[in-house]
Amino acid sequence: MENPKRIAVIGTGYVGLVAGACFADWGHRVTCVDLDAGRIDLLNRGGIPIYEPGLAEVVERAVKAGNLSFTTKVADAVAGCDAAYIAVGTPPSKTDGEADLSFVFECARQIARVIRPGAVIVTKSTVPVGTGDIVERIVEDARPGEHIPVVSNPEFLREGSAINDFTNPDRVVIGTEDEGAKATLLAIYQPLKARGHAVVVTRRRSAELIKYASNAFLAAKITFINEMADLCEAVEADVADIALGVGLDSRIGPHFLHAGPGYGGSCFPKDTLALIRTAQEHGVSLRIVEETVQANSARKRRMAMKVRHVLHGNVEGKKIAILGLTFKADTDDMRDSPAIPMIELLQRSGAEIHAYDPQGEANAKTLFEDVTFHEDPYGCAAQADAVVFMTDWEVLKHLDLARLASIMESPVMIDLRRIYPPEAAARQGFVVETIGRLG
Ligand code: UGA
């Protein structure tokens, strides 16, 4: 690479580790930092602390090329760098929907102590609009009179397809009005610009808001198609046809129109709440986003009612097999997964829960009591009174339905991801309940 930059990335979660590894893979010299010594130790031994397809290969390649290293010491990584990325978590605070920015601010303080003048601080963590201004004040307090710009560079990658999303983004957003900082960020993203990816340079506050607006829009889009699914069930239409017909309108687009049990994950639930909070603080009401949040929570709870309904209103003592636990496929992340209220509500009604997930078991075990976990879907479904598909893992798309039906106590399928055509499942002996069309 022509003009490699020295980059420090603080935080080795999904965003930090993927960004650091991909920057290094492009040829930049990257040091990833995490205060968690166990995590850094694991990375230094060639391990990967999160489940993300393809990430291990990129990390290995970048380390071998000598472009990627790991440390627990912020000062070592930041001292000589051109750009220090803040990629630490912004969890929802315990008391309200507001994002907890304490990690971001602490990180900014640590960077400010050691960064060289002329280098830039870049926020990649998802932070409410105006956070860049606070970070800037923290830096000014620590280094009065010095020029250290603070840039917003939000990330749009999805768990499960993070590497592809990072290296083939729809756009890169850079929020700064500082010409020097803009030049540094453009140099960092040069490989993407060279391949024709859109790079949008805006004022910092706009960049911060673009991130939340994107996530809120996508959450609303999913919620919209989920509501259409409810209507389809009532009027005997099929939501898959609606998604196809509506999505072909180029003004709407085909993505994020897959009806399901409600969105979850570490982003949409948290970011929609944080956006509502920000708006409220400024006297603005975001009615569509507020409705989206409520409709999605209600939907997640309603999915358990669906299961009860198919089992004639009574799940007491019934063995229910939950296939898929994570909030979506290709991740081990359980945060705000629709499987959580599903299992809790069914247990409260007296059901005996058995569960299978190819990657989420370890995280799920920390959340539930009295759930029996299984190594494979058939073991999970044996003698069950119903199977519930919660996540569309690839392995769950290729089950031998005849075998599944034959080992169950009663072959009842509740397919909340539209994995199987109801007719095909019915032919194998299943009583089928699905979403977005009558079984
Ligand atoms: C989301 C955004 O898609 C990313 O662009 C963003 O960078 C990320 O949040 C973030 O803010 O860090 P992610 O939460 O990893 O990414 O997962 P998505 O693929 O967006 O799925 C979120 C939820 O929506 C899942 O529960 C998924 O099952 C659900 N979903 C998604 C649907 O029910 N239907 C769809 O058509 C699409």
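**Exercise 1. Contacts of Ile322**

Task: In this predicted model, list which residues Ile322 touches, leaving out residues up to four places away in sequence.

Solution.
Step 1. Leave out the residues up to four places away in sequence; Ile322 then touches Ala339, Met342, Ile343, Ile353, Ala355, Val388 and Met390.
Step 2. Place Ile322 in a wider set: Ile322 and Val388 are among the residues with the most contacts inside the largest nonpolar core, a list that also includes Ile10, Ala84, Tyr85, Ile121 and Ile320.

**Exercise 2. The largest nonpolar core**

Task: State how many residues the largest nonpolar core has, which element gives the largest share, and where the core lies relative to the two domains.

Solution.
Step 1. The core has 128 residues.
Step 2. Helix α10 gives the largest share of this core, 11 residues.
Step 3. Both domain 1 (6-202) and domain 2 (238-439) give residues to the core, so the core lies between them.
Step 4. As background, nonpolar side chains in soluble globular proteins tend to be buried together.

**Exercise 3. The two domains**

Task: Describe the division of the protein chain into domains, and then the contact between them.

Solution.
Step 1. The chain is divided into domain 1 (6-202) and domain 2 (238-439).
Step 2. The centres of domain 1 and domain 2, taken over C-alpha atoms, are separated by 33 Å.
Step 3. Domain 1 puts 12 residues into the contact and domain 2 puts in 15 residues.
Step 4. On the side of domain 1 that touches domain 2, the classes are six nonpolar, three polar and three charged residues.

**Exercise 4. The shell around the ligand**

Task: Characterise the shell around the ligand by its nearest residues, its classes and its sources in the chain.

Solution.
Step 1. There are 21 residues around the ligand, and those that come nearest are His258, Gly260, Tyr263, Gly265 and Cys267.
Step 2. By class, the shell has 10 nonpolar, six polar and five charged residues.
Step 3. By element, α10 (204-235) and α12 (268-281) each supply at least two residues. The largest share, three residues, comes from α10.
Step 4. By domain, the shell draws at least three residues from each of domain 1 (6-202) and domain 2 (238-439).

**Exercise 5. A first set of annotated positions**

Task: Take the UniProt feature "binding site" (unreviewed entry) at Asp34, Arg39, Thr90, Thr126, Glu159, Lys270 and Arg335. Find how these positions are spread, then decide whether Glu159 and Arg335 are buried, partly exposed or exposed.

Solution.
Step 1. The positions extend over 302 residues of sequence, and in space they are spread up to 24.6 Å between C-alpha atoms.
Step 2. Glu159 sits in the loop between β6 (150-152) and α7 (162-167). Within 10 Å there are 25 other C-beta atoms, so Glu159 is buried, the cut-off being 20 or more.
Step 3. Leaving aside neighbours within four places in sequence, Glu159 is in contact with Tyr14, Glu52, Gly265, Thr331 and Asp333.
Step 4. Arg335 belongs to the loop between β9 (319-323) and α14 (339-348). With 18 other C-beta atoms within 10 Å, Arg335 is partly exposed.
Step 5. Not counting residues up to four places away in sequence, Arg335 touches Gly264, Gly265, Ser266 and Phe327.

**Exercise 6. A second set of annotated positions**

Task: UniProt also lists "binding site" (unreviewed entry) for residues including Phe156, Glu159, Lys211, His258, Gly260 and Lys328. Work out the environments of Phe156 and Lys328.

Solution.
Step 1. The listed residues cover 173 residues of sequence and are spread in space up to 23.4 Å between C-alpha atoms.
Step 2. Phe156 is in the loop between β6 and α7. Phe156 has 18 other C-beta atoms within 10 Å and is therefore partly exposed.
Step 3. Beyond residues up to four places away in sequence, Phe156 touches Asp165, Pro169 and Ser214.
Step 4. Lys328 is in the loop between β9 and α14. Lys328 has 21 other C-beta atoms within 10 Å and is therefore buried.
Step 5. With residues up to four places away in sequence not counted, Lys328 touches Gly160, Gly265 and Thr391.

**Exercise 7. An exposed helix position**

Task: Locate Asp41 and classify Asp41 as buried or exposed.

Solution.
Step 1. Asp41 is found in helix α2 (residues 37-44).
Step 2. Asp41 has 12 other C-beta atoms within 10 Å, so Asp41 is exposed; the cut-off for exposed is 12 or fewer.
Step 3. Asp41 and Phe70 are 29 residues apart along the chain, and their C-alpha atoms are separated by 8.4 Å.

Methods. Residues numbered from 1 in each chain as written. Predicted model: local features only at pLDDT ≥ 70, side-chain atom pairs only at ≥ 80, totals over all residues. Near = placed C-beta within 6 Å. Helix = DSSP H or I, 4+ residues; strand = E, 2+ residues; numbered from the N terminus. Nonpolar A, V, L, I, M, F, W, Y, C, P; charged D, E, K, R; others polar. Domains from an automatic or database assignment. Contact = placed C-beta atoms within 7 Å. UniProt positions renumbered as here; feature names shortened; annotations may be inferred. Core = buried A, V, L, I, M, F, W, Y, C linked by C-beta atoms within 7 Å.
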